[in-house]
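The following exercises are to be solved with the sequence and the model at hand. Each task is followed by a solution in steps.

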Amino acid sequence: CSTCREVMRRFLLLYATQKGQAKAIAEEISEKAFAHGFSADLHCISESDKYDLKTETAPLVVVVSTTGTGDPPDTARKFVKAIQDKALPGDFLAHLRYGLLGLGDSEYTYFCNGGKIIDKRLQELGARHFYDTGHADDCVGLELVVEPWVDGLWAALTKHFTSSRGKAERIGALRVALDASRRMDPLKPELLHIESQVELLRLGDLRRRDPEARGQNAVDGGRSGAPVVESESESSLTRSEPPLSQAALSTPAAPPEYLHVRLQECPGQEESQASVTSVDPIFQVPISKAVQLTTNDAIKTTLLVELDISKTDFSYQPGDAFNVICPNSDSEVQNLLQRLQLTDRREHCVHLKIKEDTKKKGAALPPHVPDGRSLQFILTWCLEIRAVPKKALLRALVDHTSDGREKRRLQELCSREGAADYNRFVRDERASLLDLLLAFPSCQPPLRLLLEHLPKLQPRPYSCASSNLSHPGKLRFIFNIVEFLSHTTKEVLRKGVCTGWLAAVVASALRPDVRVSCAEGGKAPAPEISISPRTTNFFHLPSDSSAPVIMVGPGTGIAPFIGFLQHREKLQEQHPDGHFGAMWLFFGCRHKDRDYLFREELRRFHQCGVLTHLKVSFSRDAPVGEEDAPVKYVQDNIRLHSEHVARLLLHERGCIYVCGDAKNMAKDVNDTLVEIISKQAGVEKLEALKMLATLKEEKRYLQDIWS
């Protein structure tokens, strides 16, 4: 009741989320708070009209995710802008006590940077911790930090409220709190100290996960649909072994139901991508060209797609990224409908409302599910049905599973004791909800459960691979068709949600025999896709055109640099007497004759002097001549030209741009730069790390990387 809510010990709980992770964790904290004698006032950090840190007297708990290459999530844009106002005095938030949990992925250089930005600024404004900051790593499993951090939160809050600062807040709630403590068995965890990791120092020490345990993106062979061979004695998605199979389990409480779903027959209505919800403007644009850049025997297939944006007001700079709004696989949607026994109702309209008797605090309709759209549309365009199920979803499935063994296994997978099995068979194998439903046939969840737990289908970002000066009214981008093996109950070859769909959309336009094609004037209209701009673009050429530029982009990481070079070429044509700095490109691929992207265009840029230095490495080709140490990767070539690289960065105020794979390449390039600076400047590694950090602060070391 509202009276109980007022007298219990209140804290403000904010979350800043991009894909729903931070929100789910904040909701879990909110649900657990009552059992520990607290009341959480839960809000998205973007809802600035519902809280005011300037006058807040209760402790603050913040859960913050990280997006892009180290940005706070989109929902935190306005908040971060507000607190970064330089006019705010240093004691603006001196009254505030807070605890912060940051979410990130250590495969990226700026680990947990969204949380770190907010944490640092709150400190600068005078706020102080009542609880140590936690940094959870999605690379190894968020729960390894999240669960103990949440467990320790209650002791930290208790300490705050019993301190001299908390006495005034505690007096009115003392009687109720004492009464509550008699009714409940209080949890008394030790206050957990989670060390904040120093970003630059941890780069060289982070060990990569075992690729065999993780499953690889690249697929060299294998038959789709082959059953996974299992020994009777070994663990699998559906089977455990001692000691887990015999252990008493600590499972989370069942997440409260909060949606009422009504399926209603509705007249045939035309549904398009335009119905997808988005905070950014959406542009529906035709595909004017599609080219296969790799040969048919290349390990990965790379496509270039050109969009006609001439009839829109969509604009971009070289280096910008944009979003492609994509659907789920039609076959996976149909399989999910069939498994849920809803195939005959797929055209029914979905209407949602909040259950009147829900126990979920702050329950709200999911904003990414539009009202009155068909069930098939929602599963196709609105829900991330490929999302790896969180433990809360697994716990919810338990209550809809009739077979005892299957129920026990689902309980194990969502329990603390089963964390290793969850990581191995669900998270690392990228199992989806459909995989689980096929693996546990007695599980019959209602549609409500999917709508409550599946996150929004996110648009996929791509780098612009063109310049508007060179290709007016056109926007180009490139991508690999992602393929990977999924091992759940059977071995399945899957394609990426977006790249698989894009490949199918442009298939009719591709003529791989000549490796070039374009939309020809015919009766059939050009296929269209929906795109939206990204608001956090930062990967731009220096404003001073005389500054030297070093570009590092193996594989599809070359995309923004093609735009850079096209742009520079046009600028040099327009300003023949201008002073333009040197441009270096370090490119790498597997085979010179199979996947050397933009080979002829790069050679032309080099020959005409726009690209002053072109350094290419081939990782799978046999070395030529009698080289002792063949140059296999971009970092090898950078090391080979270390004196030039160091001079450009340290003495000529050059800028270095790195684009591509975060897991291996970006880390290896970073380590190589530390090594080069240390050697060429004659300093220790720690000092070299500081010098590299300075380049980042000055926006002269920029990364556009992904995993």
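**Exercise 1.** Determine whether strand S9 (residues 302-308) is enclosed or open, and identify its partner strands.

*Solution.* Step 1: six of the seven residues of S9 are buried, so the strand is largely enclosed by the rest of the structure. Buried here means under 20% relative accessible area, exposed over 50%, and partly exposed in between (1.4 Å probe, protein chains only). Strands (E, at least two residues) and helices (H or I, at least four) are DSSP runs, numbered from the N terminus. The model is predicted: local features need pLDDT of at least 70, side-chain atom pairs count only at pLDDT 80 or more, and totals for chains, interfaces and linings use all residues. Residues are numbered from 1 along each chain as its sequence is written, and side-chain values use heavy atoms, leaving out hydrogens and water.

Step 2: S9 runs antiparallel to strand S8 (residues 283-292), to which five bridges join it; two strands pair if DSSP finds at least two bridges between them. Ile-287 has Leu-307 of S9 as its bridge partner.

Step 3: seven bridges link S9 to strand S13 (residues 474-480), again in the antiparallel sense. Here Val-305 stands opposite Phe-477.

Step 4: Leu-307 and Phe-477 also belong to the residues with the most contacts inside the largest nonpolar core, which has 73 residues. Such a core is a set of buried Ala, Val, Leu, Ile, Met, Phe, Trp, Tyr and Cys residues joined through side-chain atoms within 4.5 Å.

**Exercise 2.** Establish how helix H11 (residues 375-382) is surrounded.

*Solution.* Step 1: eight of the eight residues of H11 are buried, so the helix is largely enclosed by the rest of the structure. Among them are Gln-376, Thr-380 and Trp-381.

Step 2: these buried residues pack against strands S10 (321-325) and S11 (349-354) and against helices H10 (330-339), H16 (447-453) and H17 (497-506). Contact means heavy atoms within 4.5 Å.

**Exercise 3.** Derive the order of the strands in the open sheet that contains S17 and S20, and state which strands form its edges.

*Solution.* Step 1: the five strands follow the order S19-S18-S17-S20-S21, with parallel pairing.

Step 2: S19 (613-618) and S21 (701-706) each have a single partner strand, so one side of each is left without a neighbour in the sheet.

Step 3: within the sheet, S17 (residues 549-552) and S20 (residues 655-661) share four bridges, and Val-549 is paired with Cys-655.

**Exercise 4.** Describe the environment of Phe-564 and the crossing of its helix, H18 (residues 559-574), with helix H19 (residues 599-607).

*Solution.* Step 1: Phe-564 has 0% relative accessibility and therefore counts as buried.

Step 2: beyond its neighbours within four places in sequence, Phe-564 is in contact with residues including Pro-318, Met-551 and Tyr-657. Gln-317, 247 residues away in sequence, is 9.1 Å from Phe-564, C-alpha to C-alpha.

Step 3: the axes of H18 and H19 come within 11 Å and cross at roughly 40°. Axes are lines fitted to C-alpha atoms, for helices over the stretch in contact, and angles run from 0 to 180 degrees between N-to-C directions. The two helices are therefore oblique to each other; angles under 35 degrees count as roughly parallel, over 145 as roughly antiparallel, 65 to 115 as roughly perpendicular and the rest as oblique.

Step 4: the contact involves Ile-562, Leu-565, Gln-566 and Glu-569 of H18 and Glu-601, Leu-602, Arg-604 and Phe-605 of H19.
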